[in-house]
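Open the model in your viewer, keep a selection tool at hand, and follow the stops below in order. At each stop you will be told what to select and what is to be found there.

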Amino acid sequence: MIRENSTSWEDPLPKLVALYFDNQLNERELKQLQTRLKSDPEARIFFVQFSALQTQLEWIHTDSSSPQEMTHLPGSIYSRKKNWNLILYVTCCVCLVLGGLFSMHLMTPVAHVFPEPGSVWSSGNITTEEKLLPGSRRHLLRGAIEIRFTSGSVVNLKAPAQFTVHNSNEIFLQAGKLVADVPESGHGFTVETQTGKIIDLGTSFSVNVGAELNTEIKVYRGKVQVAGSKETEPPREIRANEAVQIDPVTNLIQPGDYTSSDFIPLISRDYAVDQFSDNVIFQEQLPDQIAQGEFQVLERDGAIFLFPEKRDILLSENLPVSITQPGDYRAEEQIETESDFVSRGMKVDCYRIYYDPASNHRDMIRAEGVVHFHQPILGLITTKTRLLETDSVLNPLCAGGNCPPVKHQEVEARVAEDGTHQDILSLSEDRKTLKFILHTGTKYVDEFRVLVASP
């Protein structure tokens, strides 16, 4: 391609092509041009375009007759010949202008690449803010990158991945996984795969093309339109917290399993959450039913929900909590008798962790997970008493000081007779990683609050 990290005048391709058509290339330059054309599809487009313009100029030049040849022609014929040449000349000028505009379009970057340290293409290192032109094809061999399109859309990719950038609002994903965050300016951002097309309708979403070309789509915010490539069924709207997949054989759109771990690059940008295990599902909106203490709202065996409950809270007085110190907390005596507080004047974000299994079993159903924050955890609120005491400050339903009736449940940190069923909370020494093992039944939920220092 015409080198994307420099201007077109610094790139040797235009000069090499011009010298080629003037028959002035030496052996070394000819070999350089041949190598470039073999390896770079965009260079081949430039060569063909230049060749077409060169042919038009030569044709017009050779078609024109000399004045001596034309003096013997009748006046009417001479006039018609002049007019025809004028038309050809004007046509050529228009072609040159259009060709120049097309060339400028091909050489104008539509996106820039921001790699993580150690990231490489299959062809070599990735430079920071590397330019991508229309038609740029890349194979991300190692690491992760962020592509910032001129439309405002942002795409995160992890290796291995292969893709082609079509324009400032469209990308073709041949293989791998991407996460797209699309602002209003990028409305209509499109991801194409070999089995379908995903069109943004104001959203954040991920697309994963597996080894067998199965396309998985997960929507984290807003909604998208999904269509199979064979038009075997009409396009479907997929909304937040939903997932589908396009079967590579039948091309049918089928339900998929929703997880939010791919959403982490965007979550980390907006929240203090840095990482979490696959069975933790992050949802940006805490349902009012859950905030009010209802259960059987989001039932899923083994899946633990993480909600941002309230953010940027400046504490006007000491806030009572259950746990503040690093360590493992595993028994009724350990958790329910613990008492501490987060000091007034601190600015905190509150997250709610919620587990409600769906299976109608008599036994307690186990789930475990890990959440890592990039800010220190200041306290955990794990008991009904503490949850109710802190609702006025932390519950979004209590804005303005008017709290509706709320019924909380808690972490049941009680050891079963066989010693196997017990809820365990573990806070790391750096106070940024929280691990938990939870057990509860279909008629109950486990819930607790996590207070994190505001960024």
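Begin by selecting V445, which counts as buried because its relative accessibility is 2%; buried means under 20% relative accessible area, exposed means over 50%, and partly exposed lies in between, with a 1.4 Å probe and protein chains only. V445 lies in the loop between strand 27 (433-440) and strand 28, where helices (H or I, at least four residues) and strands (E, at least two) are DSSP runs numbered from the N terminus. Now add E410 to the selection: the two residues are 35 residues apart along the chain, yet their C-alpha atoms are separated by 7.4 Å.

Before going further, note that this is a predicted model, in which local features need pLDDT of at least 70, side-chain atom pairs count only at pLDDT 80 or more, and totals for chains, interfaces and linings use all residues. Residues are numbered from 1 along each chain as its sequence is written, and side-chain values use heavy atoms, with hydrogens and water left out.

**The whole chain**

Zoom out and colour by secondary structure, and you can look for nine helices and 28 strands. Of the 455 residues in the chain, 44% are buried. The chain exposes about 23,100 Å², of which carbon and sulfur atoms supply 52%; accessible areas come from the Shrake-Rupley method with a 1.4 Å probe, and for residues only the protein chains shown count as cover.

**A sheet and the helix on it**

Next, select strands 18, 19, 23, 28 and 25, which in that order form an open sheet of five strands with mixed pairing; two strands pair if DSSP finds at least two bridges between them. Strand 18 (280-282) and strand 25 stand at the edges, each with a single partner strand, so one side of each is left without a neighbour in the sheet. From one strand to the next the twist averages 25°, where axes are lines fitted to C-alpha atoms, for helices over the stretch in contact, and angles run from 0 to 180 degrees between N-to-C directions.

Within this sheet, pick out strand 23 and strand 28, which pair in the antiparallel sense over eight bridges; D349, for example, has V452 in strand 28 as its bridge partner. Helix 9 packs on the sheet, where it touches strand 19, strand 23, strand 25 and strand 28, and its direction makes about 50° with that of strand 28; contact means heavy atoms within 4.5 Å.

Which residues of helix 9 (residues 384-394) are buried? They are R386, L387, T390, D391 and L394. These residues cover an arc of only 150° around the axis, which puts them on the same side of helix 9; the arc is that of the directions from the helix axis to the C-beta atoms. An α-helix has 3.6 residues a turn, so residues three or four places apart point the same way. The elements against which the buried residues of helix 9 pack include strand 20 (319-321).

**The disulfide**

Now select C398 and C403, which are joined by a disulfide with an S to S distance of 1.9 Å; a disulfide is a pair of cysteine sulfur atoms within 2.5 Å, and the structure holds one. The link of C398 and C403 is right-handed, with 130° about the S-S bond. Are its two ends buried or exposed? C398 counts as buried, at 2% relative accessibility, whereas C403 is partly exposed, with a relative accessible area of 37%.

**A pair of antiparallel partners**

Move to strand 1 (residues 111-115), which runs antiparallel to strand 6 (residues 144-149) and is joined to it by five bridges. Here V113 stands opposite I147. Three bridges also join strand 1 to strand 4 (residues 130-132), again in the antiparallel sense, and in strand 4 the bridge partner of H112 is K131.

**Last stops along the backbone**

Select V226 in strand 13 (residues 223-228), which is buried at 0% relative accessibility. Not counting residues up to four places away in sequence, V226 touches several residues, including K197, I217, P235 and I253.

Then find P160 in strand 7 (residues 154-167), where the peptide bond from A159 to P160 is cis, with omega near -5°. Finish at L213, in the loop between strand 11 (204-209) and strand 12 (215-221), which has a positive phi of about 65° although it is not a glycine.
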